Amino acid sequence: MSECIFCQIASKSIPADMVYESEDVVAFLDRHPVSPLHVLVIPRIHRETILDLSDEEWRGIHGAINTIAHEQGVAETGFRLVNNCGVDGGQTVAHVHFHLLGKRSHHWPPG
Ligand code: AMP
Ligand code: ZN
């Protein structure tokens with residue numbers, strides 16, 4: 001079995017609160033939410049960072065984010081999309097993921 005926690009969530013070996021599933025992408029609630037809506041969007045395939053994604057994988061993630069934003073009711077109000085890439089980016093799980101944060105206003109700079 002994969003050691004990667006997000007691969008295990010994608011394959012349902014460990015539980016998560018799923019909000020979206022397609023052939024290539026899954027999304028689930030972050031276990032330590034920083035906003036009232038905090039969804040993690042990941043490719044099913046293990047890719048470490050955004051630099052490892054193919055054009056097609058990018059497209060699939062983009063489509064999923066579009067659907068999730070509408071389904072979760074933040075398409076009109078807006079949301080923040082965050083990708084922490086590598087050590088300086090603050091990435092703690094080495095399976096590429098996008099944080100979709102919504103249902104409050106977010107400030108800049110993020111710190
Ligand atoms: P990052 O710092 O960008 O790598 O973010 C990793 C995120 O994954 C953090 O916000 C964690 O709270 C979240 N996380 C880690 N393990 C789980 C899990 N098993 N279920 C849900 N969220 C998780
Ligand atoms: Zn993985």
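# A guided tour, starting at Lys 103

Select Lys 103 to begin: with a relative accessible area of 51%, Lys 103 counts as exposed, because the cut-off for that class is over 50%. You will find Lys 103 in the segment after β5. Keep in mind as you click around that this is a predicted model. Now check the backbone: Lys 103 is not a glycine, yet its phi is positive, at about 70°. For background, most residues other than glycine have a negative phi.

**Another lysine with a positive phi**

Next, jump to Lys 12. Its phi is positive too, about 70°, and Lys 12 is not a glycine either. Lys 12 sits in the loop between α1 (5-10) and β1 (18-21). Is Lys 12 buried or exposed? Lys 12 is exposed, with a relative accessible area of 53%.

**A cis peptide bond**

Stay with the backbone and select Trp 108 and Pro 109. The peptide bond that runs from Trp 108 to Pro 109 is cis, and its omega is near 5°. As a reminder, most peptide bonds are trans. Pro 109 belongs to the segment after β5.

**Zoom out to the whole chain**

Switch to a cartoon view. The protein has 3 helices and 5 strands. In which order do they come along the sequence? The pattern reads α-β-β-β-α-β-α-β. Draw a box along the principal axes and the C-alpha atoms fill roughly 40 × 30 × 30 Å. The radius of gyration is 13 Å, in agreement with the value near 13 Å that a compact globule of 111 residues would have.

Try a contact map as well. Of the contacts with a separation of 6 or more, 51% are between residues 24 or more positions apart.

Then turn on the surface. About 6800 Å² is exposed, and carbon and sulfur atoms supply 53% of it. Colouring by charge brings up 8 positive and 14 negative charges, whose mean positions are 6 Å apart.

**Into the core**

Hide the surface and look inside. Buried residues account for 37% of the 111 residues. In general, nonpolar side chains tend to be buried together in soluble globular proteins. Here, the largest nonpolar core has 16 residues. To find it, select Val 39, Val 41, Ile 61, Ile 68 and Leu 100, the residues with the most contacts inside this core. The elements that give two or more residues to the core are β2 (25-29), β3 (37-43), α2 (55-71) and β5 (98-102). Which of them gives the most? That is α2, with 5 residues.

Centre the view on Ile 68. Leaving out residues up to four places away in sequence, Ile 68 touches Tyr 20, Ala 27, Val 39, Val 41 and Leu 100. Apart from this core lies another, of 10 residues, and among them are Cys 4, Val 26, Phe 28 and Val 93.

**Phe 28, in the other core**

Pick Phe 28 from that set. Phe 28 is in strand β2 and is buried, with a relative accessible area of 3%. What does Phe 28 touch, not counting residues up to four places away in sequence? Show these side chains: Phe 6, Ile 9, Ala 16, Asp 17, Met 18, Val 19, His 38, Val 39, Leu 40 and Ile 42. For a distance to try with your ruler tool, pick the C-alpha atoms of Phe 28 and Thr 77: 49 residues apart along the chain, they are separated by 20 Å.

**Pro 43, in strand β3**

Move on to Pro 43, which lies in strand β3. At 2% relative accessibility, Pro 43 is buried, because the limit for that class is under 20%. Beyond its neighbours within four places in sequence, Pro 43 makes contact with Asp 24, Val 25, Leu 53, Ile 61, His 95 and Val 96. One of these, Ile 61, is among the residues with the most contacts inside the largest nonpolar core. Use the ruler again: from the C-alpha of Pro 43 to that of Ala 64, 21 residues apart along the chain, you should read 9.8 Å.

**Last stop: Ser 54**

Finally, select Ser 54 in the loop between β3 and α2. Ser 54 is partly exposed, with a relative accessible area of 31%. Add Asp 30 to the selection: Ser 54 and Asp 30 are 24 residues apart in sequence, and their C-alpha atoms are 25 Å apart in space.

Conventions. Residues numbered from 1 in each chain as written. Chains lettered and ligands numbered in written order. Predicted model: local features only at pLDDT ≥ 70, side-chain atom pairs only at ≥ 80, totals over all residues. Heavy atoms only, no water. Helix = DSSP H or I, 4+ residues; strand = E, 2+ residues; numbered from the N terminus. Rg over C-alpha atoms; globule rule 2.2 N^0.38 Å. Buried < 20%, exposed > 50% of the residue type's maximum accessible area, 1.4 Å probe, protein only. Contact = heavy atoms within 4.5 Å. Areas by Shrake-Rupley, 256 points an atom, 1.4 Å probe, with all protein chains shown as cover. Lys, Arg positive; Asp, Glu negative; His and termini not counted. Charge placed at Lys NZ, Arg CZ, Asp CG, Glu CD. Core = buried A, V, L, I, M, F, W, Y, C linked by side-chain atoms within 4.5 Å.
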